[in-house]
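Student: I would like a close look at one part of this model, taken slowly and with its surroundings kept in view. Could you walk me through what the atoms themselves show there?

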Amino acid sequence: RIRIYAYRDWQSTGVRVHTGDLVSIQAQGTWSYTPDEYHGPEGHRRYSAPSFYPIPGIPGGALIGRIGTDGELLYAGRSARWQAVNDGHVYLRIDDDMLGDNDGFVDITITVVPAEESP
């Protein structure tokens, strides 16, 4: 398992993928980006991320990711399946603009099916 903290910026999972690989992410745990309002990696059920968050329009405080240090930003939530469009490490974080007042963490499991084995 990999632990992703709500108060840290982009965190490398240590998992490297290649273009075409199928990446599956499972997340569980609780964290908070608003005082005393904990929720899971799917994000806050009442608040949508404003335009200045890394990914606007999704539930605020959701788990997000990218492949590589400058890859496309992707919603992960509690469960995600991505096809890698570039090579790189998988990075994850909470969708929030100010991380210093956040609390908690989520535990991540990542499974990679290499491109030559994926359907």
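**A buried aspartate and the sheet beside its loop**

Tutor: In this predicted model, aspartate 21 is buried and yet has no salt bridge, since the nearest side chain of opposite charge, that of arginine 16, is 8.6 Å away. A salt bridge would require a side-chain nitrogen of Lys or Arg within 4 Å of a carboxyl oxygen of Asp or Glu, and the 8.6 Å to arginine 16 does not meet that cut-off. What the side chain of aspartate 21 does have is a polar atom 2.8 Å from the backbone nitrogen of histidine 18.

As for its place in the chain, aspartate 21 belongs to the loop that links β2 (11–17) with β3 (22–34). Leaving aside residues up to four places away in sequence, aspartate 21 touches Trp82, Gln83 and Ala84, and also Val112, Val113, Pro114 and Ala115. Glycine 20 lies in the loop between β2 and β3 as well, and with a relative accessible area of 15% glycine 20 is buried. A separation of 17 Å lies between the C-alpha atoms of glycine 20 and aspartate 70, which are 50 residues apart along the chain.

From this loop one can turn to the sheet in which β2 takes part. The sheet is open and has 4 strands, in the order β2-β8-β5-β6, with antiparallel pairing. Because β2 and β6 (74–75) stand at the edges and each has a single partner strand, one side of each is left without a neighbour in the sheet.

Strand β5, residues 63–67, pairs with β6 in the antiparallel sense over 2 bridges, and isoleucine 64 stands opposite tyrosine 75 of β6. These two strands form a hairpin with 6 residues between them, and in the turn glycine 68 has a positive phi of about 85°. Towards β8 (residues 88–94), strand β5 is joined by 5 bridges, the two again running antiparallel, and here glycine 65 stands opposite leucine 92.

The burial of β5 completes the picture: 5 of its 5 residues are buried, so β5 is largely enclosed by the rest of the structure. Leu63, Gly65 and Ile67 point one way from the strand, whereas Ile64 and Arg66 point the other way, and all of them are buried.

Note on methods
Residues are numbered from 1 along each chain as its sequence is written. This is a predicted model: local features need pLDDT of at least 70, side-chain atom pairs count only at pLDDT 80 or more; totals for chains, interfaces and linings use all residues. Side-chain values use heavy atoms; hydrogens and water are left out. Buried means under 20% relative accessible area, exposed over 50%, partly exposed in between (1.4 Å probe, protein chains only). Lys and Arg count as positive and Asp and Glu as negative; His and the chain ends are not counted. A polar contact is a pair of N or O atoms within 3.5 Å; within protein, one must be able to donate a hydrogen and the other to accept it, and residues adjacent in sequence count only if both atoms are side-chain atoms. Contact means heavy atoms within 4.5 Å. Two strands pair if DSSP finds at least two bridges between them.
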